[in-house]
Amino acid sequence: DEVRIMTVHGAKGLEAPIVFLIDQGGGPISSQQVPPLVFAPADAGPAVPLYSKGAASGAPRVAAAMTEVKDQAGDEHLRLLYVAMTRAADRLYVVGVCGANGPHEACWHQTISNALLADATKLTVIPDPLGDRQRWRDTTYAPVASKEIARAAVPDVPAPAWLFERVKPVAAPVALAPSAAARLGASEADAEMLLNALDAASAPEALAARRGRVLHKLLELLPRLAPADRPAAAAALIARGLGDAPEADQQALAAETLALFDDARFAAVFAAAGRSEVSVVGRIDRPRGPPLVVSGRIDRLAVTPHSVLIVDYKTNRVAPRDLAEVSADYVAQLAVYRHILRHAWPGRAIGAALLYTAAPRLIEVSDAAMDAAMATILASDAA
């Protein structure tokens with residue numbers, strides 16, 4: 001009196017009176033499963049590893065090795081099919097789903113159909129509102145009387161109407177970068193502007209960009225050290241990452257960073273309970289749009305028994321004076337982090353702030369500002 005749902009691998013060694021084999025319409029091997037390296041026989045000695053992607057795939061030895069890889073995948077594809085079909089003691093239903101391009105010619109459903117159609121005398125067509133089905137029965141074996149009697153005693157219960165309704169499509173989750181949360185559902189013009197900005201960012205890296213990255217690393221590592229050890233460690237790290245910068249600039253960065261740790265206003269940020277570079281992954285369900293899958297990294301997270309503080313570092317040389325001048329992108333990013341962390345720490349007050357290191361200035365982002373940003377994200381139906 002149970003239904004077990006499992007993979008074919010998980011079903012090995014098991015048996016059930018009725019088995020549904022659900023085929024996704026794929027072939028023995030997909031382009032994503034092609035290994036980056038294939039091993040081709042050498043003229044002498046062991047096989048040689050060869051790159052199999054791109055133009056290299058047309059090389060004769062690579063093509064021959066790929067043929068062997070695909071043959072092995074095809075053999076395994078059929079071995080799994082044998083395992084799946086032999087799980088059924090009495091009856092096997094072979095059904096499937098596939099994408100817009102249709103099923104692969106070597107998918108399990110097609111392989112079984114081709115084999116059964118060769119003996120059409122054992123096939124019976126059964127009309128069905130969702131498409132006619134074909135029933136294949138091996139007439140070589142006579143039905144067992146006891147089983148037929150037991151089936152006749154079961155009352156005929158009509159199938160519920162929902163059983164014949166088509167399943168409504170389920171929207172696939174959409175990956176969302178927290179830093180782009182405010183631009184969810186941007187227009188084509190906005191998207192073009194963003195692409196232009198990305199193209200500009202791909203140019204040779206400016207000294208300012210490297211300076212910001214080194215500063216983030218300083219703020220990550222120095223809080224773990226004793227105060228007396230921080231100046232020497234800061235100088236060494238800056239010299240490694242910005243050795244080509246003027247000495248005065250290196251000293252200024254070290255002084256700027258160390259001053260943050262000595263400032264009482266930022267004591268909560270760099271307290272011992274804090275953690276740097278915290279990875280955050282979560283899902284945001286929306287009433288109308290597909291769910292959003294979020295993966296990001298928080299610069300600093302301070303957790304106490306009663307509260308959680310999210311801090312994002314900003315290395316802008318010109319810092320805003322207050323929250324009204326803060327970019328909407330930054331507010332939306334912190335709102336997304338807060339939304340996810342509420343599931344991790346229910347019942348705790350979760351606040352967020354931006355630390356502008358050059359000022360230095362800590363700007364608290366109010367709950368009202370994050371609530372408004374989050375409401376916009378939840379109301380969007382953009383994919």
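Of the 383 residues in this protein, 31% count as buried. The model is a predicted one, and its secondary structure adds up to nine helices and twelve strands. The protein exposes about 24,300 Å², and 59% of that comes from carbon and sulfur atoms. Looking at contacts between residues at least 6 apart in sequence, 65% turn out to join residues at least 24 apart.

Helix 1 is a good place to start. This helix covers residues 60–85, which makes 26 residues, and reaches 38 Å from its first C-alpha to its last, close to the 38 Å expected at 1.5 Å a residue. Its buried residues are Val62, Ala65, Met66, Ala73, Gly74, His77, Leu80, Leu81, Val83 and Ala84. What sits over them? The cover for the buried residues of helix 1 includes three strands, namely strand 1, strand 2 (37–40) and strand 3 (48–51), along with helix 2 (108–117).

Strand 1 shows up again at the surface. There, Ile18, Phe20, Ile22 and Val95 make a nonpolar patch of about 390 Å². Strand 1 (residues 16–23) gives the largest share of this patch, with three residues. Val95, for its part, belongs to strand 4 (residues 88–96). Patch residues need over 30% relative accessible area, and Val95, partly exposed, has 34%.

Further along the chain comes helix 6 (residues 230–241). Its twelve residues reach 16 Å from first C-alpha to last, close to the 16 Å expected at 1.5 Å a residue. Buried here are Arg230, Ala234 and Ile238. Seen down the axis of helix 6, these buried residues fall within an arc of 60°, so they line one face of the helix. Ala232 and Arg240, on the other side of helix 6, are exposed. Among the elements covering the buried residues of helix 6 are helix 5 (207–221) and helix 7 (247–262).

Salt bridges tie into this part of the picture too. The count for the model comes to twelve salt bridges. One of them pairs Asp244 with Arg210, with the closest N and O atoms 2.8 Å apart. This pair links distant parts of the chain: Asp244 is in the loop between helix 6 and helix 7, while Arg210 is in helix 5, 34 residues apart. Asp244 itself is exposed, with a relative accessible area of 57%. Another salt bridge joins Glu256 and Arg211, whose closest N and O atoms are 2.9 Å apart. Here, too, distant parts of the chain are linked, with Glu256 in helix 7 and Arg211 in helix 5, 45 residues apart. Are these two residues buried or exposed? Both Glu256 and Arg211 are buried.

Two more cases round out the salt bridges. Lys217, Glu220 and Arg224 are linked to one another in a network of salt bridges. Glu325 and Arg321 also form a salt bridge, and their closest N and O atoms are 2.4 Å apart. Glu325 is partly exposed, with a relative accessible area of 36%, whereas Arg321 is exposed, with 65%.

Then there is Gln333, which has its place in helix 8 (residues 328–344). With a relative accessible area of 9%, Gln333 is buried; the cut-off for that is under 20%. Which residues does Gln333 touch, leaving aside those up to four places away in sequence? The residues in question are Pro178, Ser179, Asp312 and Lys314.

A last detail concerns the backbone. Most residues other than glycine have a negative phi. Glu277, though not a glycine, has a positive phi of about 50°. Glu277 has its place in strand 8 (residues 274–284) and, at 22% relative accessibility, counts as partly exposed.

Key. Residues are numbered from 1 along each chain as its sequence is written. This is a predicted model: local features need pLDDT of at least 70, side-chain atom pairs count only at pLDDT 80 or more; totals for chains, interfaces and linings use all residues. Side-chain values use heavy atoms; hydrogens and water are left out. Patches are made of residues with over 30% relative accessible area and no salt bridge: like charges are joined within 9 Å, nonpolar side chains (Val, Leu, Ile, Met, Phe, Trp, Tyr) within 5 Å. Accessible areas come from the Shrake-Rupley method with a 1.4 Å probe; for residues, only the protein chains shown count as cover. A salt bridge is a side-chain nitrogen of Lys or Arg within 4 Å of a carboxyl oxygen of Asp or Glu. Helices (H or I, at least four residues) and strands (E, at least two) are DSSP runs, numbered from the N terminus. Buried means under 20% relative accessible area, exposed over 50%, partly exposed in between (1.4 Å probe, protein chains only). Contact means heavy atoms within 4.5 Å. The expected span of a helix is 1.5 Å times one less than its number of residues. The arc is that of the directions from the helix axis to the C-beta atoms.
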